[in-house]
Amino acid sequence: MKIVIRNTFDKAFTILTALSVIFISLVLLGILGPMIWRGSGAVIFKGTVEFRKMQMDLFERGNQDVLQNEIVETDTVRKTIFETINRFKKGIDTEALCDRVRDIHREFGQELRLKGITGQEYSRLRSITRDIRDKLEVTFESQDKKEITKNIEYVLQFKKDERFKATCAEELFQIALGFQKDIAKIDLNKRKQYEEDLIQIEQTLFGSGEIPGLLGPHPDKPLPALAMNRFGATRWDQSLKLLDKLLWIEEWVEKEPGKPLEKVRTSRKEKFAGTDLEPLFSSVQDNLEKILKPRLTIYWQFFIDDNFNSHYFGGVGPEILGTLLITFLGMLFAVPLGLISAAYLVECASDHFIFRMIRMCINTLAGVPSIVFGLFGLSFFVLFLFPLFGMPSKGCILAASMTLAILTLPVMIRASEEAIRTVPQTYKEASLALGASGFRTFVTVTLPAALPGILTGIILSLSRIAGETAPILFAGAVAMGPIPKSLFDPTRTLSYGSYDMAVGDRISMMVPHNQYGMVVTLVILVLCLNALAIGLRSRVFKRLKGH
Amino acid sequence: MPMTSVQKDTKSAATGLTMKVESKLALVEKKDSLNRHCAIIKAEGFSFYYGSKVGVKDITMDVNQCSVTAIIGPSGCGKSTFLRSMNRMNDLIPHTRAEGKLIVDNQDIYDKRVNLVNLRQQVGMVFQKPNPFPKSIFDNVAYGPRLQGTKKRSELQQIVEQSLDAAALWKEIKDDLKKSALALSGGQQQRLCIARALATKPRVLLMDEPCSALDPIATGRIEDLIEELKSTYTIVIVTHNMQQAARVSERAAFFCLGELIEYDLTSKIFGNPGKKQTEDYITGRFG
C-alpha cells in the first residue's frame, strides 16, 4: 500500500473516532442539558410574594416585618380587584340574591311574631312579602328588561308603607334597587354565559379545590384545608400562565365537520366589554407585578425541605436522605459479600465444573431484569425472612437495601474478581516467600493492590443502585409518608419519587419544575457519589504508583 | 558449526577465567572441604513433578553454609523448580508432587509437619523481576518482621535500617523511607527486595535470576552485594549469565532436562568440567 493512502487512512480513522466522541458528548448534552435547565427551575426562579408567604407559613422562613409590608402593599392593589368582581357578581349571581330574599321573608315573619302582631294583620303583611319575594325571584331569572322594570316598580310601591319601616323587610327594597342598578349595564341575554365565565374567572383568581389561583383564596372565604390551596401563584411563570387563562378563553371548535378540532382563543376582555367587569382584566394585566412582587429567588432549601401536597410545595430532603440511606446500606451489604465471593473465586476456587457453573450464574444474574429482584425482595425478605425473625412483614429500608445489594452483587463480584486477578502474581509470591499465610497475603498485599479496580466496581454499583426503582418498588419505597425513624420503616427515595411523579399524579403535573428538580437531584447525587469514589480511586492509585 | 559472537564471548571469558581462578584453586578447595561438613541444604534423591510432567528428577546435592552456590543450565532444565522447592514456593501450583528428601537445616521440608511460615522465613527468596509491594519503602522492608509479630516502631525502624544497610541501599534512600517503593529504579528495587528478604533474618537466600531484568551497572551492584552477603548467608542463585555464575559463586551445579549433570567447585565446572554435556553448554556449543 502506498504511504500516502496509509496516512490518509490513519487520518480518517482519527477523525472518525474524534467525531464519534463529539457525537456522544452532544447526545449527552442534548439529554442532560434540557433536563438540568428545567430542573434548575426548582431552585432558581422568580418567586412571588405568595412564595414568601408560603415559606413563612409552612417553613417559618423569612423576615416577618418585610413580608407584612409587602402583603399590605399588594393588598391595596388587590382590593380594587376584589371590589370589581363583587360588584359585578351582584348582578349575575342571582342565586345568592334569591336566597337572601327568601331569608328576609322568613326573618320578617319572626320579627312580626316578636312584635306581637298576629291574626289578620300578620297574614296580610306576610302575603305582601311573599308576593314581593315571588316577584323578585321571577325578576332575578328574567331576561326581559321591561318585565324587570315593571316588577321592580311593583315591589318599590311598598317601600313607602309605614309598616315596613325599620324592619328587615327594608332590605328587600335595597336589593331591588341595587339589582336594577347592577343590571343596567348587563346584557341580560348573556347572563348565563357571564355566570359560567365568572366561575372560571374566580377559579383563576382565587383557585378552586383542585387548582390554586393567581391571588390565593378569597379573603372572605374560610382557609382551604390543603396547603397548596392556601396560596396564590408562588412562581412568576405560573402567574403568567394564570394571567393568560384569565385574559383568554380557549375553546376547541369543530370548524369543518370531520376535521380535527381547532383551538380558538377569544379575549375575555372583549366578551365583557361594556360591563362592570371590563376594567378588571386590564388592571390585573397592568398591575400583575405590583400584585405579586416577583423577585429572583434561590430556593436552596429545596434539597432539605420536606414537601407538601404531593410535591406541590417544598423540596426533596427526605428523598435525598432515603436514597443515601438505602444506597449506603446496600453497599454495606454488597461490598464485603462481593469482595469475599470474588476472593474465593480467584484465590481458592479451582477450575472445577461447579465453579464454572457458579461463574456463569453470576454473569447471568447481572442480566436479570431489576423488577425480578424487586419481586424476590418482596417474597424473600419481606414475606419470608422478616416474619421468620419476628420482624414486621412490611417493606422497609433494610429490605430495600438488601434487595439492592443482591441486585448489584454480580457487578461487584465481577469487578472485584477482575481487580484481584490483575494483581501481579509476583506481589503474592513475594508475600508468600516472606512467610505470610494466604489470608494475610490477600489482606495486606492483594487487596490494597486491587483497590482501584474494586473501587471501580463500587462506583458502578453505587450509581446503579442509587437510581434503581423497580427493586425497591415493593421492598420499602413509598411515594409519601413520614421520614423514617428506624431501618424497619419504609422510606421515600428520589428514584421512586421521580417514578411516582411521572405516573399520573394530578398535582405533580402542575409542578413540572419539581418533577425535573427531583430527577436532576438524583443525577447530581449520583454524580457526586461517583466523583467522591473516583477521587478516592485516583488517590489510591497515586499512592500505589508512588507519585 | 559456526559460532555466534555471543558464543565466542562466552568461550573466551570462560578460558580467561580459568587462568585467573587456577592460582586460587588450592585455597578455594581447602575452604570448600571445610564447608562441606556443615551443609545446610541436602537433597537426597529429590524429584519434583508437575502432574505427570517431570520438573527435576533424582537430585542429590549438598549446599554449603555461608557460600554462594550457582545453578546453571538451559531453559526448562529445572533450575528454578529446584530453587523454588527449597522454600516450597512450588506448592502454589496445583497438582504438584515431590519425592525423595530435601533437607534444610536438618529438617525434611516436604514433611507434613513442617511449618511453612517458619521455613519461608528461614529461606528467603529474591525473584527474577524486582517485585516490591506497592507500599512505602519502610512498609516493604518491615513486612516480614511484622509477620513475625514485631509491632514496636523503634524495633521495626532498627530492623529496616539494618536490612537496608545490609542490602547497600540505606545511604541512598534513608530520607525517603515513606516514599513508594515503586518510585525507585529497577536496581534499587531489586536491592530493596533483597533487604526485604533479609529483614526476616533468614539463613538461606534463594535468588532466581536476580539480575536478568537489570542493566549492567545495577547487576554489578547486586553482585557486589552477593559477595558481601555470603559471609552471613547461604546463597543459592539461579542464573543464565555464566560470567555471573563464575564471578559470584563458589560451587556450581549444571542442570539439564531436569537432571543434575555435574556439581562441583565453580572453578572446576568452568575450567575443567567433568562431563561432556557441561563443557558443551559452557562453551556455547549447546543450549
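In what order do the six strands of the open sheet in chain B come? Please keep that question in mind while I remind you that what we are looking at is a predicted model, and then let us go to the sheet itself. The order is β6-β7-β8-β3-β9-β10, all in chain B, and the pairing among these strands is mixed. At the edges we find β6, residues 123-126, and β10, residues 259-265, each of which pairs on one side only. From one strand to the next, the twist averages 20°.

Let me stay for a moment with the β10 edge of chain B, where strand β9, residues 251-256, pairs with β10(B) in the antiparallel sense, over six bridges. If you would like one pair to find on the screen, take Phe254(B), whose bridge partner in β10(B) is Glu262(B). Turning to the other edge, helix α7 of chain B, which covers residues 186-198, lies across β6 and β7 of chain B, where β7 is residues 204-208, and the helix runs at about 170° to β6(B).

Strand β6 of chain B also brings us to the other chain, since 24 residues of chain B are in contact with 19 residues of chain A. On the side of chain B that touches chain A, at least two residues each are supplied by α3 (116-122), by β6 and by α4 (137-147) of chain B. Sorted by class, that side of chain B has 13 nonpolar, seven polar and four charged residues.

Now to chain A, whose secondary structure comes to 20 helices and six strands. How does its radius of gyration stand beside that of a compact globule of 547 residues? Such a globule would have a value near 24 Å, whereas chain A has 36 Å, and along its principal axes the C-alpha trace of chain A spans about 125 × 75 × 55 Å. Buried residues make up 35% of the 547 residues in this chain. If we take the contacts in chain A with a separation of 6 or more, 71% of them are accounted for by residues 24 or more positions apart.

I will finish with one strand of chain A, namely β2, residues 248-253, which is joined by six bridges to strand β3, residues 262-267, with the two running antiparallel. Within this pair, Val253(A) stands opposite Glu262(A) in β3(A). Why do we say that β2 of chain A lies largely in the open? The number of buried residues among its six is zero, and therefore the strand is described in that way.

How values were computed. Residues are numbered from 1 along each chain as its sequence is written. Chains are lettered from A and ligands numbered from 1 in the order in which they are written. This is a predicted model: local features need pLDDT of at least 70, side-chain atom pairs count only at pLDDT 80 or more; totals for chains, interfaces and linings use all residues. A residue is buried if 20 or more other C-beta atoms lie within 10 Å of its own, exposed if 12 or fewer, and partly exposed in between; C-beta atoms are placed from the backbone. Helices (H or I, at least four residues) and strands (E, at least two) are DSSP runs, numbered from the N terminus. Two strands pair if DSSP finds at least two bridges between them. Axes are lines fitted to C-alpha atoms, for helices over the stretch in contact, and angles run from 0 to 180 degrees between N-to-C directions. Two residues are in contact if their C-beta atoms, placed from the backbone, lie within 7 Å. The radius of gyration is taken over C-alpha atoms; the globule rule is 2.2 Å times the number of residues to the power 0.38. Ala, Val, Leu, Ile, Met, Phe, Trp, Tyr, Cys and Pro count as nonpolar, Asp, Glu, Lys and Arg as charged, and the others, Gly among them, as polar.
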